[in-house]
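Visitor: I have a few things to ask about this model. Can you put it up?

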Amino acid sequence: MLSGTKKRKAEQKTKEIAAHKEHQATIARQEFQTFGRVLDSTPGALKEGEKWWCDRYEWLKECGYLLRSRYAPDWVPSWLGTDRVPESCEDGIVPVYKHLVDATRISDGMFVVLKIVKRSRHPYEADIGTLFMSKPLVFDSANHCVPIYDTLNVPEDDDRIILVMPLLRGYSEPPFDTIGEVVGCIQQLFEGLKFMHVHRVAHRDCMNLNILMDATSLYDEPFHPVRPEWKRDLSGYARHSTRTQRPPKYYFIDFGISRRYDPSDTKPLEPPIIGGDKTVPEFQNSVEPRNPFPTDIYYLGNLLREDFIHLKEGFSFLEGLMADMVQDDPSKRPTIDEVVSRFDITCKGLSNWKLRSRVVPKGENRGTGLFRDAGHWTLRFISMVRREPPIPTLRSSQ
């Protein structure tokens, strides 16, 4: 009899818990009537910029692009009525930039990024971006301009268009494993800038934030578009291979202030437009029109200085070239042809041992370094046995 009483009490407790959860869910559904529209300060709520995408969810779906569930008309936050916090839920992740959102291309399941561009502010961005998607340029292996898969005209808004691009991530994340991987990256960047300059396009803002990487080859499972260190469903960390094992391709993005010139205009002049890198010498306290091509050289030279020479050990071989690229007098900087030639000569003088060496942060603890070196060279030995080249080389299809 006693065990029967305990059983009935347990069943009653279970019913009470279920009723409580249902009550919480009912309250949550009621709260959702204003969630993200009035209660913008609520954790995980839709932000003002996101509502623009919500209002166009069905139109984008008709165009062939599916936004995440967060933007669907019938979205109910998955954490409501539970003990979970929005940050732990895939549909609770808020994008960093309101003019960018990730989506899935319905036709093939490819992950893409949609970018709002205002014609009145950046009248040349779409034209320059799509130029590099035209034949035969799109098939040129030296083309490292971000692909523009589609251009969508926003209904009832003549000023806005949406550019559809591949889902990329920061060029230096995950971190470089070897000096050879850095060399391979720099080779692609110099090659890509030369390609643009040959076709008389000056990027004018090719600093580190405007250089991204197609990391698809590095991952067996998709990474999250906002939190790329995690799997897409936030079920754990996104594991990745090294660039040596699976070489990625690097891209220049954001042609908002880029310009294209007639081949006969060998020394075009443009008024200063300060981009993400505020250190350009010729723009300091000056409004004098300048040739934008040497400024592009400065941007990449400063990237070498700030992202590698100043932060990492073992990159002194770049110092001479970097110093010439960042000279205060733009006329004294090498052309991109000269940069490519000098870099190739420099790289030929690097040994396999040097190229396979670990990228070491400056100031690293000696004990930590010895421990990391042991693991590093074990993996590099495997790379050598597999005959993986010390400088990652793209496959012809990439």
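Visitor: How are helix 5 and helix 8 oriented to each other, roughly parallel or roughly antiparallel?
Guide: This is a predicted model. In it, helix 5 (residues 179-198) and helix 8 (residues 336-348) pack at an angle of about 160°. Angles over 145 degrees count as roughly antiparallel, so helix 5 and helix 8 are roughly antiparallel to each other.

Visitor: How far apart are their axes?
Guide: The axes of helix 5 and helix 8 are 9 Å apart.

Visitor: And the crossing, left-handed or right-handed?
Guide: Helix 5 passes helix 8 in a left-handed crossing.

Visitor: Now the sheet. What's the strand order?
Guide: The order is 1-2-3-5-4, in an open sheet of five strands with antiparallel pairing. Strand 1 (65-67) and strand 4 (150-153) are the edge strands, each pairing on one side only. On average, neighbouring strands of the sheet are turned by 35° against each other, direction ignored.

Visitor: How many bridges join strand 1 to strand 2?
Guide: Three, and the two strands run antiparallel. Strand 2 covers residues 100-105. One pair of bridge partners is Leu66 and Thr104, the latter in strand 2.

Visitor: Different topic: what volume does the second largest pocket have?
Guide: About 680 Å³.

Visitor: Which residues are closest to its centre?
Guide: Met110, Tyr149, Asp214, Thr216 and Tyr251, out of the 31 residues that line the second largest pocket.

Visitor: How does that lining divide into nonpolar, polar and charged?
Guide: The lining of the second largest pocket has 17 nonpolar residues, nine polar and five charged.

Key. Residues are numbered from 1 along each chain as its sequence is written. This is a predicted model: local features need pLDDT of at least 70, side-chain atom pairs count only at pLDDT 80 or more; totals for chains, interfaces and linings use all residues. Side-chain values use heavy atoms; hydrogens and water are left out. Two strands pair if DSSP finds at least two bridges between them. Helices (H or I, at least four residues) and strands (E, at least two) are DSSP runs, numbered from the N terminus. Axes are lines fitted to C-alpha atoms, for helices over the stretch in contact, and angles run from 0 to 180 degrees between N-to-C directions. On a 1 Å grid over the protein atoms alone, a cavity is a set of points where a 1.4 Å probe fits but cannot get out, and a pocket is an open set with protein on both sides within 12 Å along at least five of seven lines; lining residues have an atom within 4 Å of a point. Grid points are joined across faces, edges and corners, and a volume is the space filled by probe spheres set on the points. Ala, Val, Leu, Ile, Met, Phe, Trp, Tyr, Cys and Pro count as nonpolar, Asp, Glu, Lys and Arg as charged, and the others, Gly among them, as polar. Angles under 35 degrees count as roughly parallel, over 145 as roughly antiparallel, 65 to 115 as roughly perpendicular and the rest as oblique. A crossing is left-handed if the near helix is turned anticlockwise from the far one by less than a right angle, and right-handed if clockwise.
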